[in-house]
Amino acid sequence: MKRKLIVLFAAAAVAAGCSGKKSVATTEVAPERVLTKTEEAVARQVELTEEFTSEIQAWKENDITPAASGVHIDRILVDVGSRVRQGELLLTLDPTQYNQLRVQLQTLENDYNRLLPVYEAGGISQQQIEQAKAQLDVQREAVDNLYRNIRVLSPLTGVVTARQGEPGDLFMNQPVLHIMQIDQLKVIVHIPEQYFRQVRVDMPVELRVELFPDRRFEGFVSRIHPALDPATRTFTVEIRVPNRDEALRPGMYARTIFDMGSKPGVLVPDVAVLKQVGSSERYLYVVRDGVAERRSIEVGRQVGDRIDILSGVEPGEQVAVTALSKLSDGAAVEVKNN
């Protein structure tokens with residue numbers, strides 16, 4: 001009896017073991033879902049602002065170069081930093097030659113004045129008096145011209161920014177002074193041809209400079225060059241910038257910001273946008289019915305912490321913003337936004 005009982009227990013154990021193995025083999029394991037958060041793609045007007053880096057220039061500037069050459073400098077009445085007004089006397093050259101011409105002019109005037117009564121009395125011919133008058137006129141013009149040449153006046157109102165030479169130096173046709181008008185300035189900007197229709201004269205432009213990070217300067221378009229550069233496909237725009245407090249100076253770099261209007265856009269959080277390694281492709285994941293769908297997209301401009309999507313996503317669709325490294329096309333997703 002003991003042997004029979006042992007055999008029965010062993011058979012039951014074997015049967016139970018076989019039954020357990022069959023149960024394990026037929027059990028199905030559910031796929032693991034990726035836990036993520038989503039945000040909605042939102043339709044919104046996107047402001048089209050374009051920024052260009054340019055150099056600030058003086059509104060007007062002039063090299064002060066006397067017309068006479070080979071003459072010594074007599075006086076320089078201004079220095080670097082001097083404020084000058086249009087028509088103000090800046091420097092004079094050696095007046096020796098001018099004084100000599102004045103003496104000759106005085107002699108010719110005296111001769112003419114003596115000949116005039118003689119002509120009126122019939123003592124000399126009309127041709128003789130006309131010759132004397134012509135000589136006098138030529139000499140007077142030479143004296144006036146030399147006077148203008150040895151007295152150099154400022155052609156504009158501004159500030160002296162450079163000085164080359166001292167009294168007594170021999171002037172050899174090189175600029176002695178440089179003057180800039182800085183109470184208003186200009187900025188030259190080269191803009192891509194796609195914006196040619198948007199830019200117009202008197203259009204407001206915002207300027208920002210690194211030296212004044214919290215200040216905004218206002219300017220406006222003063223001139224648009226009519227021809228485009230065939231090499232760069234850009235057109236040139238001049239911006240006029242009031243500068244009454246002279247905070248800005250020529251030579252500074254400025255960022256010029258143009259308002260080109262607005263357009264309809266689709267905005268998504270910038271964290272949702274990924275870049276394919278080894279290529280320029282941008283993509284994101286749209287979540288629909290618990291499944292992630294990989295979408296190739298074309299991106300536009302950054303708007304705060306969002307990006308304008310030009311194609312690939314429609315307004316109202318939900319895009320994944322977390323656990324992006326765990327997602328793949330067709331992956332099962334569990335959305336938890338709370």
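In strand E12, Phe220 is the bridge partner of Pro204. The structure described here is a predicted model. The pair belongs to an antiparallel arrangement in which strand E11 (residues 204-209) is joined to strand E12 (residues 212-229) by five bridges. Two residues make up the hairpin connection from E11 to E12.

E12 also pairs on with strand E13 (residues 234-242); these strands run antiparallel and are joined by six bridges. Within E13, Ile239 stands opposite Val221. Four residues lie between E12 and E13 in this hairpin, and one residue of the turn, Arg233, has a positive phi of about 55 degrees.

Ile239 is also among the residues with the most contacts inside the largest nonpolar core, a set of 29 residues. Ile56, Ile191, Val199, Leu207, Leu248 and Phe258 complete that list of highly connected members. At least two core residues are supplied by each of strand E3 (42-64), strand E10 (177-192), E11, E12, E13 and strand E14 (253-269). E10 provides the largest share, with six residues.

The surroundings of Leu207 illustrate the packing in this region. Apart from residues up to four places away in sequence, Leu207 touches Val187, Ile239, Val241 and Ala254, along with Gly219 and Phe217. Its contacts also include Arg215, Arg216, Arg255 and Thr256. A second core, separate from the one that holds Leu207, has 28 residues, including Val84, Tyr112, Val176 and Ile179.

Tyr112 is one of the buried residues of helix H2, together with Tyr98, Leu101 and Leu105. H2 (residues 96-120) contains 25 residues and extends 37 Å from its first C-alpha to its last, which is close to the 36 Å expected at 1.5 Å a residue. The buried residues of H2 pack against helix H3 (126-150). Gly122, which follows H2, has a positive phi, near 90 degrees.

Two members of the second core, Val84 and Ile179, recur in the surroundings of Ser154. Ser154 is located in the loop that lies between strand E7 (151-153) and strand E8 (158-163). Ser154 counts as buried because its relative accessibility is 4%, and the cut-off for burial is under 20%. With neighbours within four places in sequence left aside, Ser154 is in contact with Val84, Arg85, Gln86, Gly87, Glu88 and Leu90, as well as with Ile179.

Notes: Residues numbered from 1 in each chain as written. Predicted model: local features only at pLDDT ≥ 70, side-chain atom pairs only at ≥ 80, totals over all residues. Heavy atoms only, no water. Pairing = 2+ DSSP bridges. Core = buried A, V, L, I, M, F, W, Y, C linked by side-chain atoms within 4.5 Å. Buried < 20%, exposed > 50% of the residue type's maximum accessible area, 1.4 Å probe, protein only. Contact = heavy atoms within 4.5 Å. Expected span 1.5 Å × (residues − 1).
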